[in-house]
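Reader: Hello! I am new to this structure and would love a close look at its inside. Could you walk me through the enclosed spaces and what surrounds them?

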Amino acid sequence: MPLIRTPGPHDPLPSEITSPELYHSRRAWLQRTAVGAAGLGLASWAQREAFAQGMPATPPGKLAKLPGARSGVAGALVNDKLTAYGDVTTYNNFYEFGTDKSDPNRNAASLKPRPWTVSIEGMVAKPFTLDLDALLKLAPMEERVYRLRCVEGWSMVIPWVGYSLSEIIKKAQPLGSAKFVEFTSLADPKQMPALRAGVLDWPYVEALRMDEAMHPLAMMVFGLYGEVLPNQNGAPLRLAVPWKYGFKSAKSIVKIRFVDKAPTTSWEGSAPSEYGFYSNVNPQVDHPRWSQATERRIGEDGLFAKKRATLMFNGYESQVASLYAGMDLKKNF
């Protein structure tokens with residue numbers, strides 16, 4: 001797993017842009033400017049920028065709109081500067097499409113987000129299966145601005161669109177014996193070419209304790225930047241659990257199962273000494289191969305940019321610390 005992003009010539013452009021429309025128009029302006037006599041040096045820079053990002057699986061601003069009302073959930077709207085749309089959609093971990101950060105953007109066009117169904121099963125009074133349209137109508141859409149902290153040491157700030165995961169859980173009516181919620185992602189070699197590489201034991205599996213899953217900040221996401229999710233970001237629905245490292249937020253979910261024992265999650269099973277079940281953002285607990293005390297905010301990672309100090313629970317301590325009262329957070333990493 002790459003530790004940090006290597007600064008590249010495309011960094012200055014996306015860092016100025018925080019919407020699909022602005023990204024698209026600024027990129028077009030750059031291309032026009034670059035052909036002029038005074039822009040010969042810029043032309044070379046623009047070509048490198050385009051090569052570095054590749055062609056998006058879906059061009060910015062071309063996806064279906066998915067507006068969300070301003071969220072009233074405590075902690076759901078951080079004041080940090082948004083990460084550029086161009087970075088959010090071209091710098092991704094989605095190993096089903098490749099292990100390089102640019103692979104999902106290049107390869108995820110093969111994903112078919114419709115038709116799509118999600119099965120709700122296990123220890124529930126009302127198991128059910130819903131298609132995407134029914135899930136979109138299950139609760140009112142909200143826009144929430146969350147920090148995303150990757151275990152690799154980089155971070156983003158993303159305006160997600162969706163609703164609290166608890167809306168789905170309440171509909172299923174979990175039994176008292178259900179203590180954990182397990183999430184399974186799609187694993188289709190026809191749509192996800194990198195499954196053949198065997199990086200993990202597929203399908204990708206993640207899980208939360210029931211009280212974590214019921215927390216209002218735990219979010220089922222259907223969109224970002226006011227549009228439906230791009231394929232490379234986990235279309236058509238994914239989790240966003242902002243106080244945990246990003247790999248806890250499973251993408252392209254097809255099954256939600258309620259169980260009485262903690263499931264072995266994908267990264268926990270692959271490297272248990274490096275990735276624990278909880279995976280809460282904790283700057284005091286280093287990864288065995290690097291420090292977690294600081295982070296590189298994407299868009300602020302120029303050659304001379306200082307890293308940010310990583311915050312406990314990714315800055316959501318006042319909202320979620322009570323979930324872990326009395327726990328040894330160094331042991332339960």
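Author: Happy to help; what follows moves from the whole chain to its cavities, its core and a few loop residues.

This is a predicted model, in which local features need pLDDT of at least 70 and side-chain atom pairs count only at pLDDT 80 or more, while totals for chains, interfaces and linings use all residues. Residues are numbered from 1 along each chain as its sequence is written, and side-chain values use heavy atoms, with hydrogens and water left out.

Let us start with the chain as a whole. Its secondary structure comes to 10 helices and 13 strands (DSSP runs numbered from the N terminus, with helices being H or I of at least four residues and strands E of at least two). Of the 333 residues in the chain, 54% are buried; buried means under 20% relative accessible area, exposed over 50%, and partly exposed in between, using a 1.4 Å probe and protein chains only. Among contacts between residues at least 6 apart in sequence, 73% join residues at least 24 apart (a contact means heavy atoms within 4.5 Å).

Now for the enclosed spaces. A search of the whole structure finds 2 cavities of 30 Å³ or more. A cavity is a set of points, on a 1 Å grid over the protein atoms alone, where a 1.4 Å probe fits but cannot get out, and its lining residues have an atom within 4 Å of a point. Grid points are joined across faces, edges and corners, and a volume is the space filled by probe spheres set on the points.

The largest cavity has a volume of about 390 Å³. It is lined by 28 residues, of which Asn 93, Phe 94, Gly 246, Phe 247 and Lys 251 are the closest to its centre. Strand S5, residues 154–164, gives the most to this lining, with 4 residues. By class, the lining of the largest cavity holds 18 nonpolar, 7 polar and 3 charged residues. Here Ala, Val, Leu, Ile, Met, Phe, Trp, Tyr, Cys and Pro count as nonpolar, Asp, Glu, Lys and Arg as charged, and the others, Gly among them, as polar.

The second largest cavity has a volume of about 60 Å³. Its lining includes Tyr 146, Trp 160, Arg 238, Pro 242 and Gly 246. Strand S4 (142–149) and strand S10 (238–240) each supply at least two residues of that lining. Its classes come to 7 nonpolar, 2 polar and 3 charged residues.

Next comes the packed interior. The largest nonpolar core has 88 residues, and those with the most contacts inside it are Met 220, Trp 243, Ile 256 and Phe 258. S5 provides the largest share of this core, 7 residues. Such a core is a set of buried Ala, Val, Leu, Ile, Met, Phe, Trp, Tyr and Cys residues joined through side-chain atoms within 4.5 Å. Setting aside residues up to four places away in sequence, Trp 243 touches a list of residues that includes His 215, Leu 217, Val 281, Phe 313 and Tyr 324.

Phe 313 leads us to the loops. Phe 313 is found between strand S13 (308–309) and helix H10 (317–320), and counts as buried because its relative accessible area is 2%. Its phi is near 55 degrees, a positive value in a residue other than glycine. Ser 279 also has a positive phi, of about 55 degrees, although it is not a glycine. Ser 279 lies in the loop between helix H9 (266–270) and strand S12 (294–297), and is buried, with a relative accessible area of 4%. Most residues other than glycine have a negative phi, and most peptide bonds are trans.

The loop between strand S9 (227–228) and S10 holds Asn 231, and Pro 236 lies between S9 and S10 as well. A cis peptide bond joins Ala 235 and Pro 236, with omega about -5 degrees. Asn 231 counts as buried, at 9% relative accessibility. The side chain of Asn 231 reaches the backbone oxygen of Ala 108 at 2.8 Å and the backbone oxygen of Leu 111 at 3.0 Å. Beyond its neighbours within four places in sequence, Asn 231 is in contact with residues including Phe 94 and Pro 113. That brings us back to the largest cavity, since Phe 94 is among the residues closest to its centre.

Technical notes. 1 Å grid on protein atoms, 1.4 Å probe; cavity = no way out; pocket = protein on both sides within 12 Å on 5 of 7 lines; lining within 4 Å. Polar contact = N/O pair within 3.5 Å; in protein donor to acceptor, adjacent residues only side chain to side chain.
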